[in-house]
Amino acid sequence: MYRGKGINENISTEYLLREYDELISCKSLGDYNCCEVISIFLWNKKQKSTSNIYTIFTFEERISVVEKSENLFEKLERITDEYSLGIQRKVLEVSKIRDIFKMLCTSREKQRIDIGDGDLQVGHLEGVTKVFIQQDSTREILLNKILKNNFRNGSYVLEFFDIDKTVLKIWTPRELEKLTEKIHSVLPIDLFSVSDRIGNFVFQFPSLNVSSSYLTNETERELTYQVSFCKECEKDDEFMLLSEGNTDDSVVAFGTKIFTRDGCKVTFTVGDASRICKTTVIDLKRQLILSRQDTSFMRKISTIMEIGSQYGEQRLIYDENGSLVSTLEPVCAEDICVGPPICRMRDDYIRNRQYDRRVEELYVRAEFRRYGRNVQANKAVADVIALMNRVKIGKVYLWDPYLTVEDLLHTWYFTTSTNVKLYAITSGEIAEKSKVSVHTWISEQQKIMNKRSNHYGIHAELRCQWADYGYSFHDRFLMNVRKDEDRPQVWSLGTSINSLGKKHHIIQSVEHPQMLVDAFEELWEELSDPECLVWKKGM
Amino acid sequence: MEEGNVIVENEIKKDVWGAINTLRFTSKIGENAKRADRMFFEHLQEGLKSGDIDKIYEFIEAYERGRGLNSDPIVRKLFQKAYDEDAKRLCRILAEKDSIIDYWGYLSSNCETYMIVGFTKMDVEYPCFYYECARILLKRLQEDLLRQEGIITAVKKLADIDVKLWKRWLQKNESNPCWQKLLFTVLSQVDKKALEIFAQTIHLDMTIQDHKPDILSPAFESLSDSSKNYILVHVSGIILDRWKDLIEKKKKVFASINKPLFTGYINLILNSIQKSLQDKEKWKTAFLKQAEILEEDMYRWYDREINMESIFFYDITQLYYILIVGQECQLIEIDEVISDCGQKVKMVIERYDYFWRECEGQKADFEKHLRDNSIFK
């Protein structure tokens, strides 16, 4: 198949070094005098080699710099028979880091480097230009889970990105989880949530010098900012404070102020200071962000107070024989709500419109659709066919305990791609309901298929779970496993294919699709016995 | 009715002791009682059967929160008469009932304060009797010295003869301001074992409530030097060890605080630290070590800023206490090492200035301590 692709990005060493020098010397960012290096590595017992899992260089301003090195595990932690985990922490004078950075720049293709503790196996490294990562505020920034204490202002990051991810490929998901848990037990680095950074080298330049805060007034119409520097910046430095309040994709508050190294105290009269406010402090001369945060004031507190007594009255639950099986002490709950200080009546209308729009979007993206109430029955079938048709190359899985060949004739047979295979699982419950044996039912299904189509372009297989083959199931799922997409798409159908649209049900997309795909494939393998085959064509 | 009372009065005059002997205190519960009442009553029965004091007091306290016991004026008169006639005999009769529920029933609703105080001064071999006397006196809200005297006497006897009840008393009344006023007076009179139990039992992190006066510190300070020394000799080692453990445990789980930890027992803790820092060298070592811990902790990795803030304040708390002790006992002798260390501490405080947003007053006070001792300018 044709795959058009651009040339691989290759930032020059000069460019990366220039960025490094710019960041390391920027006094408004920080007066760094040392660097803490955390090196997480894997030791391969058989090959006697060490691989990089993740290394981070964090620049710091320490009161006194004492170079040191320590292992965070007393001895290497066994992960598998072949691999053990180690974590080393070092503190180095800041002047020593540039050479390491330069070496990484020049060794991106070498797959083996030595940053001071012996040979380290690495993947092909892609140099990444500087990126500013803001602190967590109203939103959690996932990348902060692998940075050190990025709580104030934010940090610049220069990175060497491992594009082979060899280390990642050798683990099963369970082994990877175990590995990352072991790391997390000694350091709050969450490589499970940010697994794309495994194998990388990260240089973190935290913004340490600037300090900013802001308040609003009683009427929520003003924003008063105070910005200062802990240490002196250069004489001719110039800075900008940029404040922007947003709601409903509109800018409702805005203000800027240019100031010198003496800091500033300024009040913006904005009209509406109650919204989420994006505050940025910029070093104008160097075009660097010194601080960025999305914050909002706490305007409302809601809580639920539950009151029960020491021995409250109980709810009693009996079985069919009148024996007490369970007791429960219900409690009385009351909601307490304080605020907001100022009400804007328009907000309710805006919120309702946004909700309606969201529901519409969910429908269009087939994330959530409702059927069976004021919606024609054949619309649901048409929508399911449309979902199946989304796959042009790849596989479709259909999982329905009451699925028959008739259902396939009404849905799958209306798809248009000849490159897609359908894997379908049904169950022996239909045979049971029809009071025939599973063998008889299978034979009937085959007779139906022999006369209902010429099956042109069809690649499909239907297997039946029954007796001890596999395990019984209840829910109905449609799964698209597209070759051109990384993640599968899975929908819960809410009802069997044979009753789509006939009663109220919901088709909604599932949040963790891969888990369901894994479960389907597992059951599929368990039904590989010929006794489970209902019908097969073009597979 | 009048005539009936006169008849009873006459009967009382004839044979007080006979009448008292006929008194019975029983408890029962209505058939339509709600579950809570049934549970309390059941636990009372269990407690009476097994001698479980906690279950018995669960009932008593629940009852007191509700209707409380009514007192019968005739029975009150009977008790008063008996007390006037022979207080010791009455005390012995009541104590020999050997039942908390009876003590409660008879003492709380039928005995005046002066009578109960009188009982506490008598010798009986029933520690629960003293316990209940003290408990009733503590509940009565008069601030008079007589009542206080009774509590002190009863609790001291408890400490002497039943360490389990002594411990229970300490646990249950720890945060009671009326008891707090009397605590150290009692401690200055109990033996070594009782003092050790006290040191092992109290919650060293018991907070002083905002806007409420600190009672324990003035109560301790009001003791004579010899009494203070007597207490400290037996408790300071235990308290210091427990305090250090407590801080370590809190740091380990990042128990949240946003200001230095000043507890209700600050005086005891400070005095215990003082006992361990006998000279300038020891003070210097403690100060330098704690400053180093603070600095190192600020270089660690943290999951969340609130964890870092909590560690900061636990470390500052320890430093603060060391400073206060150094200043009070004149253990601070400035040299280059301490001065350098002081500068580091100053830099750490300034760097994490935003941590002090809820307690700027304490920050100013801490810096003042450092400046007053010329640790930094």
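**Strands, helices and salt bridges in chains A and B**

Colleague: Which residue stands opposite C277(A) in β17(A)?

Modeller: Strands (E, at least two residues) and helices (H or I, at least four) are DSSP runs, numbered from the N terminus. β17(A) covers residues 288–295. In that strand, the residue opposite C277(A) is T295(A).

Colleague: What kind of model is this, and which pLDDT do side-chain atom pairs need?

Modeller: Residues are numbered from 1 along each chain as its sequence is written, while chains are lettered from A and ligands numbered from 1 in the order in which they are written. This is a predicted model, in which side-chain values use heavy atoms, without hydrogens and water, totals for chains, interfaces and linings use all residues, local features need pLDDT of at least 70, and side-chain atom pairs count only at pLDDT 80 or more.

Colleague: How many bridges join β16(A) to β17(A), and how many join β13(A) to β16(A)?

Modeller: Strands pair when DSSP finds at least two bridges between them. β16(A) and β17(A) run antiparallel, with seven bridges. β13(A), residues 239–247, is also antiparallel to β16(A), and here L242(A) stands opposite T280(A). The number of bridges between β13(A) and β16(A) is eight.

Colleague: How many residues of β16(A) are buried?

Modeller: Buried means under 20% relative accessible area, exposed over 50%, and partly exposed in between (1.4 Å probe, protein chains only). β16(A) spans residues 276–283 and is mostly covered. Of its eight residues, the number buried is six.

Colleague: Which residue takes a positive phi in the hairpin of β16(A) and β17(A)?

Modeller: This hairpin has four residues between its strands. The positive phi is near 55°, and the residue is Q287(A).

Colleague: Which residue does R286(A) meet in a salt bridge?

Modeller: A salt bridge is a side-chain nitrogen of Lys or Arg within 4 Å of a carboxyl oxygen of Asp or Glu. The N to O distance here is 2.8 Å. Both partners are buried. R286(A) meets D283(A).

Colleague: Where in chain A is T50(A), and is this residue buried or exposed?

Modeller: T50(A) is in strand β2 of chain A, residues 49–60. Setting aside residues up to four places away in sequence, T50(A) touches (heavy atoms within 4.5 Å) F41(A), L42(A), W43(A), D119(A), L120(A) and Q121(A). Its relative accessible area is 18%, so T50(A) counts as buried.

Colleague: Why is α7(B) said to be largely enclosed, and which helices are among its cover?

Modeller: Seven of the eight residues of α7(B), residues 113–120, are buried, so the helix is largely enclosed by the rest of the structure. The buried ones are T113(B), M115(B), I116(B), V117(B), G118(B), F119(B) and T120(B). Their cover includes, in chain B, α5 (73–95), α6 (100–110), α8 (127–139) and α9 (145–161).

Colleague: How far apart in sequence are D123(B) and K157(B)?

Modeller: D123(B) and K157(B) form a salt bridge, with the closest N and O atoms 3.3 Å apart. D123(B) sits in the loop between α7 and α8 of chain B, and K157(B) in α9 of chain B. D123(B) is exposed at 69% relative accessible area, whereas K157(B) is buried at 15%. The pair links parts of the chain separated by 34 residues.

Colleague: Which residue pairs with K251(B) in a salt bridge?

Modeller: The closest N and O atoms are 2.7 Å apart. K251(B) lies in α14(B), residues 225–252, and its partner in α16(B), so the pair ties together parts 46 residues apart in sequence. K251(B) is buried at 10% relative accessible area, and its partner at 8%. That partner is D297(B).

Colleague: Which three residues give 42% of the area that chain B buries against chain A?

Modeller: Buried area is the accessible area (1.4 Å probe) that two parts lose on being put together, summed over both. Between chain B and chain A this is about 2,300 Å², with 55% from carbon and sulfur atoms. No other three residues of chain B supply more than R35(B), Y299(B) and W301(B).

Colleague: How many salt bridges cross the interface of chain B and chain A?

Modeller: The contact takes 23 residues from chain B and 26 residues from chain A. R35(B) forms a salt bridge with E329(A), with the closest N and O atoms 2.8 Å apart. Over all chains the structure holds 73 salt bridges. Across this interface the count is four.
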